[in-house]
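Dear colleague,

I am passing on the structure we spoke about, with the sequence alongside. Below it you will find my notes on what turned up, for you to read next to the coordinates.

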Amino acid sequence: MSVKKIYKVDVLIVGTGPASAAAAKRLVDAGLKVVAIDFRKLPRHKVCSGILSPRGHRFLIENFGPLPREALHDPTSCRGVTFHFSSGISTPMDFFGGPTPHLHRKYSDYWAIEKSRVEVHDETAFLGLKTDGKLARISARHKGESVEYQARFVIGADGPNSPVRAAVYPEYSKTLPWFVVAQKFHRIIECPLDEDYFHFWINSKLGHYTWSHAREGRLILGVGFRKGGSVEEHHKRFVSYIKDKHGVRLEPSEEKEGGAHNFGPSIINRYVFGKENILITGQAAGFFNMLAEGMSCALHSGAIAGEAVIEAMQGKRPVQEIYRTHIVSEVARSTDQYNPLRMIFANVHEADFKAALKKLSRRDQLRAVRDLIKFISLYGELNWGRQIIGQSIRRLVTGSYSTKRWL
Ligand SMILES: Cc1cc2nc3c(=O)[nH]c(=O)nc-3n(C[C@H](O)[C@H](O)[C@H](O)COP(=O)(O)OP(=O)(O)OC[C@H]3O[C@@H](n4cnc5c(N)ncnc54)[C@H](O)[C@@H]3O)c2cc1C
């Protein structure tokens with residue numbers, strides 16, 4: 001295929017999600033010539049619960065301003081998270097600092113990328129790249145036509161399956177355990193679950209990741225499990241469970257969506273930040289906080305990637321060195337969320353689980369902890385236990401996680 005068009009830019013960003021918008025904001029503000037491409041037509045749909053953490057909320061306000069109404073679902077906000085343990089105990093926990101917006105990702109992502117003032121080329125799919133370390137040539141396709149970008153830097157902000165990451169490290173995705181997450185939408189006949197909260201089940205029988213929340217008068221039921229399992233089976237089990245245990249009665253599901261996700265890298269500190277002038281950020285780099293909260297770390301890591309490029313363009317140090325120096329803080333925030341020592345001795349989450357636990361009777365506390373241990377043991381087959389403990393001790397002794405485990 002002959003190349004129809006060549007664009008010369010300082011930075012090409014692949015993706016237009018939160019990591020991209022944050023990187024773009026920094027780069028455009030610094031006066032660089034930047035293009036962000038997305039293979040979808042914008043505004044694009046995004047499978048997401050849309051529950052923004054307080055930290056993510058602060059980032060959006062500070063960088064892009066107050067959210068417009070169309071960027072919110074109904075209910076427009078979320079008070080916090082309720083854990084439902086297998087022994088029947090439920091613990092609602094409010095977010096620190098009050099409710100946060102329930103984002104309609106199709107419009108909130110579009111709003112943020114527009115606010116960044118980056119030039120967007122949608123319906124443009126990244127296909128591959130070559131780099132000599134100073135100039136990258138990126139091949140892409142726009143509506144069937146071949147396009148080339150020539151960029152001093154590339155930022156892969158292209159989500160869990162990251163084609164940019166695959167271009168740099170073709171074997172990487174084979175080394176990861178992948179999880180399927182899928183959600184179905186039901187009209188509600190009766191639902192006693194409080195719609196002000198995001199609900200999460202700590203129940204090993206239901207799967208690795210089981211959640212529910214209200215949206216536009218319907219209830220979303222989500223299931224997550226190791227790739228290879230069946231969405232239908234998990235979903236059926238969940239529907240029957242919440243009917244029996246919570247009295248939730250639903251119409252048959254009307255819609256289903258989902259995909260494969262990389263839950264592991266944040267948990268065991270195995271991030272992927274790229275090579276030479278190709279930076280990888282957001283969920284593509286492995287940022288994923290507890291309960292699949294990925295927007296705040298996508299925003300912050302994206303901004304750090306953008307800042308690293310700006311500093312590198314001043315010719316001081318290689319961009320990877322700068323990026324890897326500054327990303328340490330975001331790595332600590334994400335990986336701390338899974339670090340048992342930090343969970344016990346610090347406040348690493350944005351709702352107070354320890355306080356919620358303290359409100360329970362002694363007997364219920366013991367039951368909740370027992371359920372939690374049983375739930376965590378579901379992940380035993382992944383062999384993460386030793387790595388989590390090793391990284392937690394290193395964090396305790398040296399103050400940071402090992403940078404040698406990153407790609
Ligand atoms: C079911 C579910 C529920 C979730 N709920 C929450 C939640 O409540 N709160 C929360 O904070 N997080 C949640 N997350 C996680 C959150 O959605 C992600 O972590 C976050 O969107 C990551 O942002 P990102 O910018 O790194 O990537 P993304 O938002 O995934 O953006 C990547 C972009 O890259 C584009 N792209 C991909 N391939 C190409 C290509 N070849 N060429 C060009 N463009 C390409 C995609 O179209 C996309 O626009 C949830 C995830 C799932 C799956």
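I begin with helix 3 (residues 105-115), whose buried residues are Arg105, Ser108, Asp109, Tyr110, Trp111, Ala112 and Ile113. Please bear in mind throughout that this is a predicted model. The cover over these buried residues of helix 3 includes helix 1, helix 2 (54-64) and three strands, namely strand 2 (34-37), strand 6 (100-103) and strand 7 (119-121). Just after helix 3, arginine 117 adopts a positive phi of about 65°.

Turning to the chain as a whole, its secondary structure amounts to 13 helices and 17 strands. The radius of gyration is 21 Å, close to the 22 Å that the globule rule gives for 407 residues, and the chain is therefore as compact as a globular protein of that length. The C-alpha trace spans about 65 × 50 × 40 Å along its principal axes, and 45% of the 407 residues count as buried. Among contacts between residues at least 6 apart in sequence, 72% join residues at least 24 apart.

An open sheet of seven strands, with mixed pairing, follows the order 5-4-12-13-14-11-15. Strand 5 (90-94) and strand 15 (249-261) stand at its edges, and because each has a single partner strand, one side of each is left without a neighbour in the sheet. On average, and with direction ignored, neighbouring strands of this sheet are turned by 20° against each other. Within the sheet, strand 4 (residues 80-85) and strand 12 (residues 197-202) run parallel and are joined by six bridges; phenylalanine 85 has isoleucine 202, in strand 12, as its bridge partner. Helix 5 (residues 231-246) lies across strand 11 (179-190), strand 13 (209-215), strand 14 (218-226) and strand 15, and runs at about 130° to strand 14.

The last point concerns the ligand, which is surrounded by 38 residues, the closest being Gly15, Gly17, Gly159, Gly282 and Gly294. The elements that contribute two or more residues to this shell are helix 1 (18-29), strand 8 (124-131), strand 11 and helix 7 (295-313), and the largest share, three residues, comes from helix 1. By character, the residues of the shell divide into 18 nonpolar, 14 polar and six charged. Helix 1 thus appears in two places in these notes, as it gives residues to the shell around the ligand and is also among the elements that cover the buried residues of helix 3.

With best wishes

How values were computed. Residues are numbered from 1 along each chain as its sequence is written. This is a predicted model: local features need pLDDT of at least 70, side-chain atom pairs count only at pLDDT 80 or more; totals for chains, interfaces and linings use all residues. Two strands pair if DSSP finds at least two bridges between them. Helices (H or I, at least four residues) and strands (E, at least two) are DSSP runs, numbered from the N terminus. Axes are lines fitted to C-alpha atoms, for helices over the stretch in contact, and angles run from 0 to 180 degrees between N-to-C directions. Two residues are in contact if their C-beta atoms, placed from the backbone, lie within 7 Å. A residue is near a molecule or strand if its C-beta atom, placed from the backbone, lies within 6 Å of it. Ala, Val, Leu, Ile, Met, Phe, Trp, Tyr, Cys and Pro count as nonpolar, Asp, Glu, Lys and Arg as charged, and the others, Gly among them, as polar. A residue is buried if 20 or more other C-beta atoms lie within 10 Å of its own, exposed if 12 or fewer, and partly exposed in between; C-beta atoms are placed from the backbone. The radius of gyration is taken over C-alpha atoms; the globule rule is 2.2 Å times the number of residues to the power 0.38.
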